[in-house]
Amino acid sequence: MRKIKRNAAQCRLCGDIIESRYTHDFVMCKCKSCFVDGGHEYLRRGFAHSPDDMIELSEYYEDEKEKPEK
Ligand SMILES: [Zn+2]
C-alpha cells in the first residue's frame with residue numbers, strides 16, 4: 001500500500017490550492033466548491049458541482065522495497 005506524501009488538490013473555479021496536512025484536517029477552497037480531508041491517512045475528496053472542478057495534486061511515497069508475491 002502506498003503512503004500518502006501530500007494530500008492536496010486545486011480548485012479550477014477559484015484557483016485555490018488546498019492541502020489536508022493531518023487526519024481529519026478538513027480544508028475547503030475559497031469558493032467552497034471542493035474540499036480535501038484525511039491528511040496522510042486517507043484521501044477524501046468532495047465537491048459541490050463536479051469532480052472535474054478539482055485538479056488532483058496528491059503525491060505518494062514510492063515504495064521501492066515492495067516485495068514481489070511469493
Ligand atoms: Zn474553489
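In what sense, and over how many bridges, do strand E2 (residues 8–11) and E7 pair? In this predicted model, E2 and E7 are paired in the antiparallel sense, and the pairing extends over 3 bridges. Within it, alanine 9 is found opposite glutamate 56 of E7, and cysteine 11 has methionine 54 as its bridge partner in that strand.

The pairing belongs to an open sheet of 3 strands, whose order is E3-E2-E7 and whose pairing is antiparallel. Strand E3 (17–19) and strand E7 (54–56) occupy the edges, and because each has a single partner strand, one side of each is left without a neighbour in the sheet. Direction ignored, neighbouring strands of this sheet are turned against each other by 30° on average. E2 also pairs with E3, again over 3 bridges and in the antiparallel sense, with alanine 8 standing opposite glutamate 19 of E3. These two strands, E2 and E3, form a hairpin in which 5 residues lie between them, and glycine 15 in the turn adopts a positive phi of about 80°.

The side chains along E2 alternate between two faces: Ala9 and Cys11 point to one face and are buried, whereas Ala8 and Gln10 point to the other and are not. Both of the buried residues, Ala9 and Cys11, enter the largest nonpolar core, which comprises 7 residues and is completed by Ile18, Cys29, Cys34, Val36 and Met54. The elements that contribute two or more residues to this core are E2 and strand E5 (34–37). In soluble globular proteins, nonpolar side chains tend to be buried together. When its neighbours within four places in sequence are left aside, cysteine 11 is in contact with Asp16, Cys29, Cys31, Ser33, Cys34, Asp53 and Met54.

Positive phi values also occur in the loops. Histidine 24, located in the loop between E3 and strand E4 (27–28), has a phi near 70°, a positive value in a residue other than glycine. Histidine 24 is classed as exposed because 10 other C-beta atoms lie within 10 Å, and the cut-off for that class is 12 or fewer. Lysine 32, in the loop between E4 and E5, likewise has a positive phi, of about 65°, although it is not a glycine. With 12 C-beta neighbours inside 10 Å, lysine 32 also counts as exposed.

Note on methods
Residues are numbered from 1 along each chain as its sequence is written. Two strands pair if DSSP finds at least two bridges between them. Helices (H or I, at least four residues) and strands (E, at least two) are DSSP runs, numbered from the N terminus. Axes are lines fitted to C-alpha atoms, for helices over the stretch in contact, and angles run from 0 to 180 degrees between N-to-C directions. A nonpolar core is a set of buried Ala, Val, Leu, Ile, Met, Phe, Trp, Tyr and Cys residues joined through C-beta atoms within 7 Å. A residue is buried if 20 or more other C-beta atoms lie within 10 Å of its own, exposed if 12 or fewer, and partly exposed in between; C-beta atoms are placed from the backbone. Two residues are in contact if their C-beta atoms, placed from the backbone, lie within 7 Å.
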